[in-house]
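User: I would like a close look at one part of this protein, explained slowly enough for someone in a first year of study.

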Amino acid sequence: MLRIHFSDNRQAPIWLVDERFTIGQDSRNSLVLVDPSIGAFHAEIRQDHGFYYLTDVGSPGGSFVNDERISTRFQLRADDRVRLGSVELLLVDPARSQPKVEQAARWYLQVIQGEHEGKKFHINGSMTFGRSVKCELCFSDQQLSRRHCELYLKDNVLEVKDLASANGLLVNQQKVATAVLQPGDQLKMGSVSLLVIGPKSTVAASVDEDATLFMRAVDLPKALKPASLVSSPNSHANPLRTAAQANSMHAAATSVSQPKRLNTPLLALALVLIALLVVAAVYIA
């Protein structure tokens, strides 16, 4: 299936899905081109068994394919250049199109209010916006100046500049003379409002000065466990054996702390012997 691209990027590409696709200034056409060089019903493209044929329907400026004027039923192929008056179209087969076509379509303006509401316009290079038919983005709104503003894309940066218009240029409800546009911005000129559609951009997160900051505490030495809580290698020993060992140790400690008692009969005999020795010593003396 072929797709129509506009050489001046005046609007987004269009798929050729209908069997009969008409082109002209009249609002009943499949593709309406508001241009003085385009007839009311300028040309039509018919699809027949997967092939596309262009026919000029008696336009004043004529229809051209690859700079060759055609009249009736000329077969179209991918990469053909079709010129209707001053408007040039490129037929593209997306299945085998060059990646440059897709890569270039990065910035758009979509009409969200006013004339052509809902349409998208591809921005490429420098483009003027206003009522003049010489503007790449031509609108008939009487509140617009003939050359109202200029949009220019360079190094993937889109800027807009007011061209001394009568009613001014608004970006996000603020009147400006010039501004760098970001995806999501809204432009307003006269009664026309446009939404900026562009590639995704990475924005660094702003630092909240009031946010609570959590800092790492100073590493402190670990507290030592009491000796009574330190597990011994025999912490898993038999509890009955452990109790028996404890009782034997208690008995040994008790025997050490108390002196041994002397045998009472032996003590009495010794005292008697000592008394006899004392008496004998007195008589001898």
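Which residue in strand 11 stands opposite R83?

Analyst: R83 stands opposite E88, which belongs to strand 11. Before looking around this pair, please keep in mind that the model is predicted, so that local features need pLDDT of at least 70 and side-chain atom pairs count only at pLDDT 80 or more, while totals for chains, interfaces and linings use all residues. Residues are numbered from 1 along each chain as its sequence is written, and side-chain values use heavy atoms, with hydrogens and water left out.

The two strands around this pair are strand 10, covering residues 81–84, and strand 11, covering residues 87–92; they run antiparallel and are joined by 4 bridges. Two strands are said to pair if DSSP finds at least two bridges between them. In general, strands of a sheet pair through backbone hydrogen bonds, either parallel or antiparallel. Strands 10 and 11 are part of an open sheet of 6 strands, with antiparallel pairing and the order 2-1-11-10-7-8. Its edge strands are strand 2 and strand 8 (68–70), each of which pairs on one side only.

Strand 10 also takes part in a contact between charged side chains, since D67 forms a salt bridge with R81, where the closest N and O atoms are 3.4 Å apart. This pair links distant parts of the chain, because D67 sits in the loop between strand 7 (63–65) and strand 8, whereas R81 is in strand 10, 14 residues apart. A salt bridge here is a side-chain nitrogen of Lys or Arg within 4 Å of a carboxyl oxygen of Asp or Glu. The two partners are not equally open to the surroundings: D67 counts as exposed at 53% relative accessibility, and R81 counts as partly exposed at 32%. These words follow cut-offs: buried means under 20% relative accessible area, exposed means over 50%, and partly exposed lies in between (1.4 Å probe, protein chains only).

The search of the whole structure finds 6 salt bridges, and R20, E44 and R46 are linked in a network of them. The side chains of R20 and E44 meet at 2.9 Å, N to O; R20 lies in strand 3 (residues 20–24) and E44 in strand 5, so the pair ties together parts that are 24 residues apart in sequence. R46 forms a salt bridge with E44 too, with the closest N and O atoms 3.0 Å apart. E44 counts as buried at 12% relative accessibility, while R20 is partly exposed at 45% and R46 is partly exposed at 37%.

Strand 1 of the open sheet, residues 3–6, is followed by a loop that leads to strand 2 (14–15), and Q11 is found in that loop. Q11 counts as buried, at 12% relative accessibility. Not counting residues up to four places away in sequence, Q11 touches F6, L31, K119, K120, F121 and H122, where a contact means heavy atoms within 4.5 Å.

For the wider setting, the protein chain has 3 helices and 22 strands, these being DSSP runs numbered from the N terminus (H or I of at least four residues for helices, E of at least two for strands). Of its 285 residues, 31% count as buried.
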